[in-house]
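Visitor: I should like to learn how to read the contact between two domains of a protein chain. Could you guide me through an example?

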Amino acid sequence: MVPSQPFLHAVVFALTVLQAIASNTFIAAVYEHAVILADATEEPVSADDALALMNKNMDVLEGVIKEAAQQGAHIIVTPEDGVYGQRFTRETIYPYLEDIPDPAVNWIPCTDPTRFAPAPVQERLSCMARNNSIYVVANIGDKKLCNSSDPSCPRDGRYQYNTDVVFDPEGKLVARYHKYNLFMSETQFNYPKEPEAVTFETPFGKFGIFTCFDILFREPAVVLVSELQVDTVLFPTAWMNVLPFLTAVEFHSAWAMGMGVNLLSANTHNISLAMTGSGIYAPDGARTYCYNMKTEDGHLLVAKLDSHPRLSPASLPAVNWSSYASSVKRFSPNDHDFGGLIFHDWFTFTELTKPEGNLTVCQKDLCCHLSYQMAGKREDEVYVLGAFDGLHVVEGQYYLQICTLLKCKSTDLNTCGQPVEMAQTKFEMFSLSGTFGTNYVFPEVLYSGVQLAPGEFEVLNDGRLMSKTRPTKPVVTVTLFGRWYEKD
């Protein structure tokens, strides 16, 4: 007697769950997708044409999801805008949206596609999860009708949300998240009335989810980690890289380390928009990552993670980020401090004029201390120590405290803070600390060629970021990126 397909699926699902429970680890996958984009148009396309475009992208995702499952992955995260791309107005994105119900309805679109309004995208994503016995995370668009009884209802009678969905290995919708912190160009979407803190339980820990720009704000990012105690964050993103310390791979890796959680970051791949950089990050550093500004190809990453990273021996101890810097006197006084811009923020800099030494630079209440020894000082490369303590107000409003050792673009000090990817100077040691007023500080080390340094630096519980290898690889930046949410 040949077993039925539902029976075989149930067996595979049960074995997957047992494997995850038994090992206390799980295998994660993220896919950096080079999205097939719609033609730019001022008029909405038909629903059939919109679905045809989305099916082209889902054809790619379906193949990648199958490959990830064959490599043993229990979950895969795909990027923000990964099903339909960018280039939309409020009107032109409408044909791409579906009504996404609350997961409490207990719905498997793959087996019951007609239960709600037509939802071919949700049906297909559900089937991808079910057919491969894997959690599938995707970013699509939600639409909700409203009327004049709702004073906030838009003139066109509908809300439109940038939305993440999660389907479990049976194909059931288990999570829906509406992006709360929209980037300034996302005029096609509405803000949710209230921030959402979306979590769900899995056999390998408690998961939370949010999208791209959300990571810089207390709600939902800090709420999920510090208050709801998730183990792993799912992070679809369309991140435009900003050197020297807001590239996707370095900031997302630093955030996972500073928050003490796993982060599964899947970025859109679009070189013309400087979008690349995906990774699977643990509190002790990147397990795997990619950064590719040379080719147009997508990239699948797969790695093993601890199910409960806070219980791992490798997790960071509690850090008092201002302890060391507040207890020492200012290092040698600076007669030649100067100012410069990094991503629209006015930093105070001081130059590293000697091959080794101790420096302090201050701005407002933040003093940054650096002890360093170069493996050899080069005449053709200039490094500075910088401090910023203030409100960033360009594409959003958020308060930052940043200490950074960074390479200038050239020997002209006016270029300090401008984007730079390559360096040749190695350090025998560095130790960076600051008098931070916040406990939310994210440590970064970026090497030449936009390469991370997992395992090659450490954070002491007194707040010092210190090198471990002698000498280091060529350094682009060493940064303590502080986020003071209460002062936004």
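Guide: The following turns treat the domains and the contact between them. The model shown is predicted.

Visitor: Which residues does the domain assignment give to each domain of the protein chain?

Guide: Domain 1 covers 25-311, and domain 2 covers 322-487. Over C-alpha atoms, the centres of domain 1 and domain 2 are separated by 32 Å. Domain 1 brings 29 residues to the contact, and domain 2 brings 31 residues.

Visitor: What area is buried between domain 1 and domain 2?

Guide: The general idea comes before the value. The accessible area lost when the parts come together is often used to give the size of an interface. Here, about 2,600 Å² is buried between domain 1 and domain 2, and carbon and sulfur atoms give 75% of that area. On the domain 1 side, the residues that lose the most area to domain 2 are L243, P244 and F245, which together account for 26% of what that side buries.

Visitor: How many salt bridges and how many residue pairs in polar contact are counted between the domains?

Guide: The salt bridge count between domain 1 and domain 2 is zero. For polar contact, the count is four residue pairs, with both residues at pLDDT 80 or more.

Visitor: Which elements give two or more residues to the side of domain 1 that touches domain 2?

Guide: They are α4 (218-227), α5 (248-259) and β11 (285-290). Of these, α5 gives the most, with nine residues. By residue class, the side of domain 1 that touches domain 2 has 21 nonpolar, five polar and three charged residues.

How values were computed: Residues numbered from 1 in each chain as written. Predicted model: local features only at pLDDT ≥ 70, side-chain atom pairs only at ≥ 80, totals over all residues. Heavy atoms only, no water. Domains from an automatic or database assignment. Contact = heavy atoms within 4.5 Å. Buried area = accessible area lost by both parts, 1.4 Å probe. Salt bridge = Lys/Arg side-chain N within 4 Å of Asp/Glu carboxyl O. Polar contact = N/O pair within 3.5 Å; in protein donor to acceptor, adjacent residues only side chain to side chain. Helix = DSSP H or I, 4+ residues; strand = E, 2+ residues; numbered from the N terminus. Nonpolar A, V, L, I, M, F, W, Y, C, P; charged D, E, K, R; others polar.
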